[in-house]
Amino acid sequence: MKKVIEMKGITKVFPGTIANDNVDFELLKGETHVLLGENGAGKTTLMNILYGLYQPEKGEIYVNENLAKITNPNDAIKLGIGMVHQHFMLVNNFTVAENIILGIEPKKGIKLDLKKAVKDVEAISEKYGFSIDPNAVIEDISVGQQQKVEILKALYRGAEILILDEPTAVLTPQEIEELANIIDNLKKEGKSVILITHKLKEVMKMSDRVTIIRRGKVTGTVQTKETNIDELAELMVGRKVNLVVEKDPCKIGKRVLHVENLSAIDQRKVEVIKDINFEVFGGEIFGIAGVDGNGQTELLEVLTGLRKPKEGKISVDEKDIYGKTPKEIIKAGVAHIPEDRHKRGLVLKYSLFENSILGMHKEKPFCKGIVLNYNNIKKHCDKLIEEFDVRTPNNAVNASALSGGNQQKLIAAREIYKDPELLIAAQPTRGIDVGAIEYIHKRLVGERDKGKAVLLVSLELDEILALSDRIAVMYDGKIVDIIDRKDADEQKLGILMAGGTLDENKEGVEK
Ligand SMILES: Nc1ncnc2c1ncn2[C@@H]1O[C@H](COP(=O)(O)OP(=O)(O)OP(=O)(O)O)[C@@H](O)[C@H]1O
Ligand SMILES: [Mg+2]
């Protein structure tokens with residue numbers, strides 16, 4: 001088969017890090033090729049080089065067997081290479097069609113021909129099986145839809161080779177199915193796809209080949225049908241990974257979080273949380289499952305003080321925190337791993353050591369009077385880096401220099417380390433490699449075993465099932481059921497998440 005891309009001897013150095021070390025990579029026409037590797041292994045860097053965002057110190061790139069000079073994304077696009085980034089780059093108040101044609105607008109005379117643009121977008125959507133409204137405004141559509149816009153944008157520019165950097169990290173299982181379908185259709189048209197993902201089930205399902213990168217070096221390429229999940233995990237981490245979480249039965253302690261008749265509204269005054277009641281006890285992990293957009297985000301915002309509730313009661317350790325500010329809630333003993341790491345978790349232009357005490361800079365031992373104790377702060381940061389294996393040259397680099405997964409690891413480390421009465425973990429392992437997931441899961445279970453209360457919100461059913469002692473399911477702003485882990489399985493949760501009830505289903509099965 002024809003090689004559409006060949007990267008030879010690519011080396012890219014950042015201060016203190018060799019991100020890519022003499023990397024060879026090839027992509028065949030019509031294949032889906034996964035790049036697999038730990039957080040910080042160099043996957044995004046390699047793809048940014050292919051897309052012309054970075055220049056390598058050494059190495060050559062061949063496109064369709066011709067030596068290519070790719071000095072910026074325009075060069076890449078001209079060569080038929082398109083890329084969808086780990087963090088999207090859309091204009092929020094523009095429509096889908098406007099975003100897609102941005103920069104290469106079709107013109108009628110000197111006027112922008114938006115009608116033609118909408119038609120073009122509809123035609124491409126039809127061809128590859130996207131269901132999307134070209135006239136919808138970006139800020140009104142789901143992340144999954146936004147992802148499709150990014151892909152359509154690349155196809156509209158004539159991409160024959162599509163790079164997708166962790167496209168499924170923020171998608172619901174159903175959206176992932178749709179994406180798999182789209183990728184299949186692209187392949188049928190002879191297009192080639194490079195996919196970066198940490199989800200090994202997806203790798204098995206969606207790819208033809210896998211290239212594994214470790215600490216900047218390629219360690220091998222395997223045919224997907226000749227490998228399996230355990231082997232892939234071992235190849236990327238360099239040791240056996242225990243994909244099953246081991247934990248003892250939980251020892252329920254005192255009540256920590258108590259939520260009663262809680263309601264909240266959104267910007268448009270629509271009720272998004274509807275009369276919610278639940279308790280979380282010390283010594284348990286309480287999981288909240290649900291399809292994205294059923295009120296989980298708003299519930300978390302209310303619990304952490306980022307959104308004002310409409311009515312109800314909330315207490316932590318029997319202390320009222322209803323409607324309190326984030327600061328007061330933290331003081332009451334709540335720590336929070338937020339779902340959006342860029343919006344809430346880190347200040348990207350601050351150093352790692354500054355980020356490691358975010359929200360704690362007025363506390364001992366980081367502060368004495370009004371003077372910061374940098375020695376203690378740096379020591380604290382080094383402990384987080386070491387224990388959670390944050391891959392970085394040192395504690396002084398900016399958070400923006402960390403790879404996506406390592407940013408997430410630093411946030412998780414900081415919050416777990418606070419050892420709070422209530423730890424709220426929202427998508428705690430989003431974008432994290434299997435080795436690091438194993439560790440973070442262990443630490444969450446560790447908090448539980450210490451008698452702390454853990455509230456876990458995750459879109460990953462696997463994660464909910466692996467960690468939780470009890471599971472609540474949210475649908476349409478309500479908690480529709482709370483079940484014991486031992487009574488739960490993927491199918492039952494699936495029914496509840498889609499708005500069904502378990503009794504109805506029993507009847508359905510008997511019929
Ligand atoms: N702009 C930058 N400045 C300094 N160092 C960087 C920069 N971008 C990346 N690095 C470093 O290069 C290495 C590779 O990062 P890269 O983003 O390619 O990793 P990755 O494999 O995509 O990881 P992840 O799975 O976490 O996204 C990391 O050690 C990272 O800290
Ligand atoms: Mg990356």
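Two strands are taken to pair if DSSP finds at least two bridges between them, and strands (E, at least two residues) and helices (H or I, at least four residues) are DSSP runs numbered from the N terminus. In these terms, L262 stands opposite I276 in strand 14. The structure is a predicted model, in which local features need pLDDT of at least 70 and side-chain atom pairs count only at pLDDT 80 or more, while totals for chains, interfaces and linings use all residues. Residues are numbered from 1 along each chain as its sequence is written, chains are lettered from A and ligands numbered from 1 in the order in which they are written, and side-chain values use heavy atoms, with hydrogens and water left out.

The pair L262 and I276 belongs to strand 13 (residues 255–265) and strand 14, which are joined in the antiparallel sense over 7 bridges. These strands are part of an open sheet of 4 strands, in the order 14-13-16-17, with antiparallel pairing. Its edges are formed by strand 14 (271–281) and strand 17 (319–320), each of which pairs on one side only. Helix 9 (residues 296–304) lies across strand 13, strand 14 and strand 16 (311–316), and runs at about 65° to strand 14; here axes are lines fitted to C-alpha atoms, for helices over the stretch in contact, and angles run from 0 to 180 degrees between N-to-C directions, contact meaning heavy atoms within 4.5 Å.

A further open sheet of 4 strands has the order 2-1-4-5, and the pairing in this sheet is antiparallel. Strand 2 and strand 5 are the edge strands, each pairing on one side only, and neighbouring strands of the sheet are turned by 25° against each other on average, direction ignored. Strand 1 (residues 3–14) is joined to strand 4 by 5 bridges, the two running antiparallel, and T11 has K58 in strand 4 as its bridge partner. Helix 1 packs on this sheet, where it touches strand 1, strand 2 and strand 4, and its direction makes about 120° with that of strand 1. Strand 1 is also joined to strand 2, by 8 antiparallel bridges, with E6 opposite E26 in strand 2. These two strands form a hairpin with 2 residues between them, and G16 in the turn has a positive phi of about 85°.

Another hairpin is formed by strand 11 and strand 12, again with 2 residues between the strands, and R215 in its turn has a positive phi of about 45°. Strand 11 (residues 209–214) and strand 12 (residues 217–223) run antiparallel and are joined by 6 bridges, the partner of T211 in strand 12 being T221.

Most residues other than glycine have a negative phi, and most peptide bonds are trans. E65, by contrast, has a phi near 70°, a positive value in a residue other than glycine, and is placed in the loop between strand 4 (58–63) and strand 5 (66–68). The peptide bond from K364 to P365 is cis, with omega near 0°, and P365 lies in the loop between helix 12 (352–355) and strand 19 (367–368).

Ligand 1 is surrounded by 21 residues, of which the closest are G40, T44, T45, S403 and G405; a residue is counted as near a molecule if one of its heavy atoms lies within 4 Å of it. Polar contacts, defined as pairs of N or O atoms within 3.5 Å (within protein, one atom must be able to donate a hydrogen and the other to accept it, and residues adjacent in sequence count only if both atoms are side-chain atoms), include one in which a polar side-chain atom of K43 lies 2.8 Å from an oxygen atom of ligand 1. A polar side-chain atom of T45 lies 2.6 Å from an oxygen atom of ligand 1, and a polar backbone atom of A401 is 2.8 Å from an oxygen atom of the ligand. The elements that give two or more residues to the shell are strand 2 (17–28), helix 1 (43–50) and helix 14 (404–417).
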